[in-house]
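Biologist: I should be grateful for a close look at one part of this model, namely its aromatic rings, set in the context of the whole chain.

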Amino acid sequence: LSAGEVLKNLNKFYKRKEIQRLGAENGLDARLFHQAFISFRKYIMESSSVSADLHIILNDICCGAGKVCFLGHVDDLFPFFLRHAKQIFPMLDCMDDLRKISDLRLPPNWYPDARAIQRKIIFHAGPTNSGKTYHAIQRFLSAKSGIYCGPLKLLAHEIFQKSNNANVPCDLVTGEERVYANEDARQAPHIACTIEMCSTNTPYEVAVIDEIQMIRDPARGWAWTRALLGLCAEEIHVCGEAAAIDLVTELMYTTGEEVEVRNYKRLTPLTVLDYALESLDNLRPGDCIVCFSKNDIYSVSRQIEARGLECAVIYGSLPPGTKLEQAKKFNDPDDPCKILVATDAIGMGLNLCIKRIIFNSIVKPTVNEKGEKEIDSITTSQALQIAGRAGRYGSSFKQGEVTTMHRDDLMQLKEILSETVRPVKAAGLHPTPEQIEMFAYHLPDATLSNLIDIFVSLSQVDGLYFVCNIDDFKFLADMIQHIPLNLRSRYVFCTAPLNRKEPFVCTTLLKFARQFSRNEPLTFDWLCRHTKWPLAAPKNIKELVHLEAVHDVFDLYLWLSYRFMDMFPDAVLVRDIQKKLDNIIQVGVCNITKLIRASQSAAAPGAAAVVSDDFPFSRTKRDTRTVLDHHGAKSTEALSIAVDVPEGRRAKNLKAYRSATRQEDLKSHGRGSLANRLLREGLLTQEMLRQLESEWQDQHRNGRSGLGSKRDDQNRSKEMGKKKK
């Protein structure tokens, strides 16, 4: 057979509308049809031989092409195509059953206990520092029984303490920890928990769901949806942004429940200043500088210390105990530490006495669904959440202020804060273990990652819902696929809360799963050997980052210990050493500027920044830019702006960003105030400065000689042209 003729007829087969319709009738949507055809075409074109009946059909089609009496037609390939499609997509044989299992259009029906009672929904809507959560918690404390569901361990811990201090026995339940109010480990009538841990089977008088706007979160939104639809409580108090009112009302309409809305206003005034900070020399007690990368945290804290000031540091990957200790240090009026440098981790979960919020930048690095790094200005919701931390009611500051570090950012910050927060449009959903088990029954040979993919591709959702991002789940499923585990255990391991950007934590999960599969308990001694415990205080930033990863490993062990108690038996011992590790990390963070200096002195002369895994925001130069990594190597990263940012603001982001970078480049070549400041801060030595000056002069001379030689080449070519003429 002629390969060219076969390929031409296969492509003709693919384009026929009749074939696409037949494919759809057999469960092949446009995406599956395309994938099946690509595989079918590859099979035919690359196989050394095909089955006799398929060869005859192909021969008839190729030989009959163009003749009046056709020997065969491309449509005759469809049975062979469908047979091949069923081999690569086994679910085509049980498509109707799978569609029923993955039908997510009526989530309220998943919670019969909640549907059996008439619940009263009260929405406490208002900005940060408006007292909305306070009023909901007062009702929680006065009830005979209650449950508080929050987004963070810190928030759950705060309510746990507040409740027990008010003589209302309350248990604490998080993914890694169970703390009972009663000494005999009897369950108390009140529970404070992280939202993923709430029970939808236990009846309560009052339930509080905090930060309801997170129902739209691409990764965790399903937990808020589950709590809102499934909690079995007579009264449900929902707290959050007014932007979620319409969605909550619509969701409750589908359950036949009405929503009472109580609106709150901010208790203390918040002023957007007309001037930027511009220099760290203008810092005042009670200031908080908000950065969006660890590199900026390190740089700013180092510069503050060079001015003889103390600062506290808070960022997301710090253990909760360290965050609380740093917050306590900053809040203490008798402590000399009066400045806070933090990421947006301060947006919720910490009570801080801040007078003025200063945005070091209003552009935040993010990672999109494809794993690509993006730069986008912060949303109105994020800006209000962070800015609202200034001037907290009951603190020593009766009003809050907000501004930016750079003058160019101030106008844009004002625009962002003046915009209306976009309404929350949909609530997140996630496949349950039971649904995945039913899928596995129909597709016994499929991997867990494939089961999830098939589930999402077949799932049908109502317009009020969306399926949450499952990339982290699939990443872990692929990572442990080769380890022999039953489906339920594999599912639990894949839902473990870890950051997949931390290699040490990921490899630890892999070792946990491997030993678990061999039915060998993960003992305290094994964990100590793996983490090299006991550990010393960090001497540089790299060691501090590793200690944070070890803390996450201990968290992972504790999380698994509550799901597989027999296989992870030493939770008490691990919790003890985790507290000790928290203290070691606290010491490191208190000396963070010394660690930065140690990291810089240990780095190669060409290194550009302190060791960090964060997105190198401060180095952006062009839409596609070359950046210097920690070893002086070059790498190219693409700059993209998220689609949902208004076009005008997007263009303004890039313009301001490029302008600031050009100015930074110009300054970095001179020996003016920047060089003096770097010398003063110890970031540059006289010897390094002389070397830079020498290199700059060499480059300048080379550039001039390069121009001269270019002119000579042009003159020579002109002379040659004259001679030819």
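Biologist: As a starting point, how many helices and strands does the secondary structure of the protein chain comprise?

Modeller: The secondary structure of the protein chain comes to 27 helices and 22 strands; these are DSSP runs numbered from the N terminus, with helices (H or I) of at least four residues and strands (E) of at least two. This is a predicted model, in which local features need pLDDT of at least 70 and side-chain atom pairs count only at pLDDT 80 or more, while totals for chains, interfaces and linings use all residues. Residues are numbered from 1 along each chain as its sequence is written, and side-chain values use heavy atoms, with hydrogens and water left out.

The predictor's confidence in each residue is given by pLDDT, from 0 to 100. Its mean for the protein chain is 83, and 82% of the residues reach 70 or more. Confidence is lowest in strand β21 (residues 624-628), with a mean of 31, and highest in strand β7 (residues 204-209), at 98. Of the 725 residues in the protein chain, 47% are buried, where buried means under 20% relative accessible area, exposed over 50%, and partly exposed in between (1.4 Å probe, protein chains only).

Turning to the rings, the structure holds 17 aromatic pairs. Rings of Phe, Tyr and Trp (its six-membered ring) pair if their centres lie within 6.5 Å; planes under 30 degrees apart count as stacked, over 60 as edge-to-face and the rest as tilted. The pair of Y14 and F37 is stacked because the ring centres are 4.5 Å apart and the planes lie at 25°. This pair links distant parts of the chain, since Y14 belongs to helix α1 (residues 3-15) and F37 to helix α3 (residues 30-46), 23 residues apart. Y14 counts as partly exposed because its relative accessibility is 24%, whereas F37, with a relative accessible area of 1%, is buried. Both rings belong to one aromatic cluster, formed by F13, Y14, F33, F37, F40, F78 and F81.

Aromatic rings also meet charged side chains. A charge sits over a ring if NZ of Lys or CZ of Arg is within 6 Å of the ring centre and within 35 degrees of the ring normal. The charged end of R178 sits over the ring of Y562, 4.5 Å from its centre. R563 lies over the face of W559, with 3.8 Å to the ring centre.
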